[in-house]
Amino acid sequence: MRKNLSERKDLSALKRVAVMGGSFDPIHFGHLAAAEAVRCQFHMQRVLFIPTGNPPHKCPITSADDRCHMTQLAVAGHSCFDVSRMEIDRPGATHTVDTLKELRMACGPKTKIYFIAGADALEEMTSWNQAERLFSLCAFVAATRPGCDREALEKRAAAIRTKYRAQIYVAEVPALDISSSNLRERVRNGQSIKYLTPDAVEEYIRKHDLYREDIDLDAAWRLVENALSEKRWLHTQGVMETAVRLAERYGVSRRKAYTAGLLHDCAKEIPHEEKRALCGALGVQVDDIMSRQMDLTHGFLGAAIARRDCQIEDKAVLNAICYHTTGRKKMALLEKVLFIADMIEPGREDYEGLTEIRGLAYSDIDKAVLCGLQSKIFYTKIKGKQIHPFTLEALEELEADQRESGDGS
């Protein structure tokens, strides 16, 4: 296996290098064809593939090492293609601006860096972390395909050039209708992926039994994105990001935390009468308090929808979705993680107790949950609503635990 470009001593000698980032989960011929097209059109000396590490709003299906190995296998036969682990090996959330800063320091002062992005990514770049700094670090190549609205793309590129003084080029690449999500779906369904990805990658997937998991995150993502308003969808992304960080802190499955965070509010914006009907159809028990306050059912209904529409059978994930609003006695660690992530995600508007809960979240999850329950009860009373027994039972249990441990008053 060839060495990563980030380890090569001749990196500083390069004059033109292209960067292709992505989860590569798995890498396929569409990635390779786009990279080769840009290499030829822009006379690149190297194309550097950088598998993403811990993206804030997306959770790769397979491990970082698996994705890196597959990418190395895919590019092994090309003298100008290399792979870097810089994002995988860098701790914390992955942001493109940090990757480009690191690469800029490793390159020579005269090296020109081109970042290859899908044409649709132009719509998202201005919202990326430190967008203004991002555009100052490299040039961008928007890779498009025949049939794309070239006029609209050029207008978008021109607007970004004007606002950020950015260098943006548009390059047409071969029209290969291949996506990683489609390959994962084919593997799940037992279909062939031959001629869609290099043979070595296909063999790696088979040998390591990848993409045969029960949870179809692609379907879950589509379900939630279509079910929620823009505001609620942004909240959900914040919960996912926070849940994953808390999971890493407390040794909970990152994947399960991500899945629960993604689906926790999937029933939130269903109208009350439709909620009532769905609860009956899906066998969700509605007690008297829930019947009067139908919004309390959205966690329980969300778990039922996740099971029906995404075939999720993992009880830990389903329970976390169920009780993310009410809490309950004997909450599992994943339930506590989602409960707190929902309360402290970055987009949450300020409320009494938020600062304290955020301060406790990464040091003592039980104390954070206790404060969260107290806050929920406080605001429920202010709104003149009835507190659900699950919430009161959870509070009593945690208060008793704190007294026994000597941390309570």
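**Exercise 1: Charges**

Find how many positive and negative side chains the protein has, and how far apart the centres of the two sets lie.

*Solution.* Remember as you work that this is a predicted model. Step one is the count: there are 58 positive and 59 negative side chains. Step two is the separation: the centres of the two sets lie 5 Å apart.

**Exercise 2: Overall form**

Describe the secondary structure of the protein, and then work out how its radius of gyration stands against the globule rule.

*Solution.* Start with the elements: the protein has 20 helices and six strands. Next, take the radius of gyration, which is 24 Å, and set it beside the 22 Å that the globule rule gives for 409 residues. The two values are close, so the protein is as compact as a globular protein of that length. To picture the outline, imagine a box of roughly 70 × 45 × 45 Å along the principal axes, filled by the C-alpha atoms.

**Exercise 3: Inside and outside**

State what share of the residues is buried, what share of the accessible surface belongs to carbon and sulfur atoms, and what share of the contacts joins residues at least 24 apart.

*Solution.* First, the inside: 51% of the 409 residues count as buried. Then the outside: the accessible surface is about 19500 Å², and carbon and sulfur atoms account for 49% of that area. Last, look at contacts between residues at least 6 apart in sequence: 71% of them join residues at least 24 apart.

**Exercise 4: One helix**

List the buried residues of helix α4 (residues 96-106) and find what they pack against.

*Solution.* Begin with the list: Thr96, Val97, Thr99, Leu100 and Leu103 are the buried residues of α4. Now look down the helix axis: these residues fall within an arc of 155°, so they line one face of the helix. Finally, see what this buried set meets: the strands β1 (16-22), β2 (46-51) and β4 (112-118), together with the helices α3 (86-89) and α6 (131-137).

**Exercise 5: Unusual backbone angles**

Most residues other than glycine have a negative phi, and most peptide bonds are trans. Examine Phe24, the bond from Asp25 to Pro26, and Tyr195 with this in mind.

*Solution.* Take Phe24 to begin with: its phi is near 50°, a positive value in a residue other than glycine. Phe24 sits in the loop between β1 and α1, and it is buried, with a relative accessible area of 2%. Pro26 belongs to the loop between β1 and α1 (29-42) as well. The peptide bond from Asp25 to Pro26 is cis, with omega near 5°.

Now move on to Tyr195, which has a positive phi of about 70°. Its place is the loop between α8 (180-188) and α9 (199-207). At 65% relative accessibility, Tyr195 is exposed, because the cut-off for exposed is over 50%.

**Exercise 6: Two loop residues**

Decide whether Asp265 and Leu296 are buried or exposed, and name residues that each one contacts.

*Solution.* The cut-off for buried is under 20% relative accessible area. Asp265, in the loop between α12 (254-263) and α13 (272-282), has 2% and is therefore buried. Leaving out residues up to four places away in sequence, Asp265 touches Leu228, Arg232, His235, Thr236, His298 and His324.

Leu296 lies in the loop between α14 (288-292) and α15 (298-310). Its relative accessibility is 15%, so Leu296 counts as buried. Beyond neighbours within four places in sequence, Leu296 contacts Ile289, Met290, Thr325, Thr326 and His388.

Definitions and conventions. Residues are numbered from 1 along each chain as its sequence is written. This is a predicted model: local features need pLDDT of at least 70, side-chain atom pairs count only at pLDDT 80 or more; totals for chains, interfaces and linings use all residues. Side-chain values use heavy atoms; hydrogens and water are left out. Helices (H or I, at least four residues) and strands (E, at least two) are DSSP runs, numbered from the N terminus. The radius of gyration is taken over C-alpha atoms; the globule rule is 2.2 Å times the number of residues to the power 0.38. Buried means under 20% relative accessible area, exposed over 50%, partly exposed in between (1.4 Å probe, protein chains only). Contact means heavy atoms within 4.5 Å. Accessible areas come from the Shrake-Rupley method with a 1.4 Å probe; for residues, only the protein chains shown count as cover. Lys and Arg count as positive and Asp and Glu as negative; His and the chain ends are not counted. The place of a charge is taken as NZ of Lys, CZ of Arg, CG of Asp or CD of Glu. The arc is that of the directions from the helix axis to the C-beta atoms.
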